[in-house]
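Let's walk through a few local details of this protein together. Pull up the coordinates and follow along.

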Amino acid sequence: MKEIELKLQGKINRLTNHTFKFDERVKEGWFSAVYFLKTREIARKFKPESRVTMQFFQKNEAVLCGTDEVIALLHTFADNPEELVIKSLKDGDKISPFETVLTIEGRYQDFGYLEGLIDGILARRTSVATNVYNVVKAAAVSGTQKPVIFMGDRDDHFTTQAGDGYAAYIGGATAQATHAMSEWWGKKGMGTMPHALIQLFNGDIVAATKAYQETFPEDELISLVDYNNDVITDSLKVAREFGKELKGVRVDTSRTMIDKYFLRNQHLLGTFDPRGVNAQLIFALRKSLDDEGFGHVKIVVSGGFSEDRILDFEKSGVPVDMYGIGSSLLKINIGFTGDNVVLDGTPQAKAGRRLRLNPRLEKVEWN
């Protein structure tokens, strides 16, 4: 059983290194800034018994993520981790600017060299979780919550997928594009067809969809319909062929392309940007499907969507049923800062920093 299931059942409080599987070179300081490593050596030599309190915060309204990972990091690689006093908020907590999200008390040489890693974990996980949360919130503006699929596999190095997928889950994404993205939270990746599949069938959308259905009959049948840059024509082709078996169509038109629908109906042009997946194209697609009795066919859109673009669609009532989003969710726009603010029980910090007590912090038990 995955740890996330145990956590959801209340049998454990935090995910551990059984989930995160850290690189063992963390212990060697391989990923730590050298000045932290040098400070560790100096602390061992000159201040071996001094205890510090390190405090972490950021400067935005955000959805916190990465606390389980940070605590697992400390429990795995700190010296004498059982002697550390760790207090933390939890993954998924809403946080405010400058709110303390984590404090660690102990001897500097036991854990101080991990400061940069902790900042980085919290920054990436919280950025992704917050980005996804904002997009999911935008996708509900019309009054109906539209599912959001996290499709960030091609927008960053593949080694980031598990952590990013977990952060997306914390933020509210309902599905992920790869199995790796779903690893930490116990699901499998979701996906239908890429353009490459349609290319194999010489652009024949019906043949490609039929091959997909025969190979994966247990899947909901969703056809990708922009390969020939004629979304409405190809959507109607697959709808007529598969009828009730077709559950949806996905539109992924490039932002540099204008769908053939507008070339056939140039009288519609002149008051909007006709490139890519635009509102007028989706309105026309929905009407065309409905007019032929295919109201059951859902519309999935992808390709360059962001929080602002989804807000525009939702406020305009564009008939989208699901959004697929990638690159905009991976922007690291939230940075964390770790500061030592207490020395041997007495306030001691650089100018502008001080201990900011937070009653929401919970003490982490050593297991």
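What follows is a tour of one helix, one threonine and two loop residues, keeping in mind that this is a predicted model.

Start with helix 9, which spans residues 205-215. Its buried residues are Ile205, Val206, Ala208, Thr209 and Tyr212. Look down the helix axis and these residues fall within an arc of 165°, so they line one face of the helix. The spacing behind this is a familiar one: an α-helix has 3.6 residues a turn, so residues three or four places apart point the same way. On the face turned away from the buried side you'll find Glu214 and Thr215, which are exposed. As for what covers the buried residues, the list includes helix 8 (195-200), strand 8 (221-224) and helix 10 (231-242). At the N-terminal end, Asp204 acts as the cap of helix 9, with a side-chain oxygen 3.1 Å from the backbone nitrogen of Val206.

Now hop over to helix 6 (residues 115-138), where Thr130 sits. Thr130 is buried, at a relative accessible area of 5%. Its side chain reaches the backbone nitrogen of Val63 at 2.9 Å. Leaving out residues up to four places away in sequence, Thr130 touches Glu61, Ala62, Val63 and Ile334.

Finally, some backbone torsions. Most residues other than glycine have a negative phi. Lys21, in the loop between helix 2 (17-20) and helix 3 (34-46), has a positive phi near 50°, and Lys21 is exposed at 54% relative accessibility. Phe98 also has a positive phi, about 70°. Phe98 lies in the loop between strand 4 (94-95) and strand 5 (102-107) and is partly exposed, with a relative accessible area of 37%.

Conventions: Residues are numbered from 1 along each chain as its sequence is written. This is a predicted model: local features need pLDDT of at least 70, side-chain atom pairs count only at pLDDT 80 or more; totals for chains, interfaces and linings use all residues. Side-chain values use heavy atoms; hydrogens and water are left out. Buried means under 20% relative accessible area, exposed over 50%, partly exposed in between (1.4 Å probe, protein chains only). Helices (H or I, at least four residues) and strands (E, at least two) are DSSP runs, numbered from the N terminus. The arc is that of the directions from the helix axis to the C-beta atoms. Contact means heavy atoms within 4.5 Å. A polar contact is a pair of N or O atoms within 3.5 Å; within protein, one must be able to donate a hydrogen and the other to accept it, and residues adjacent in sequence count only if both atoms are side-chain atoms.
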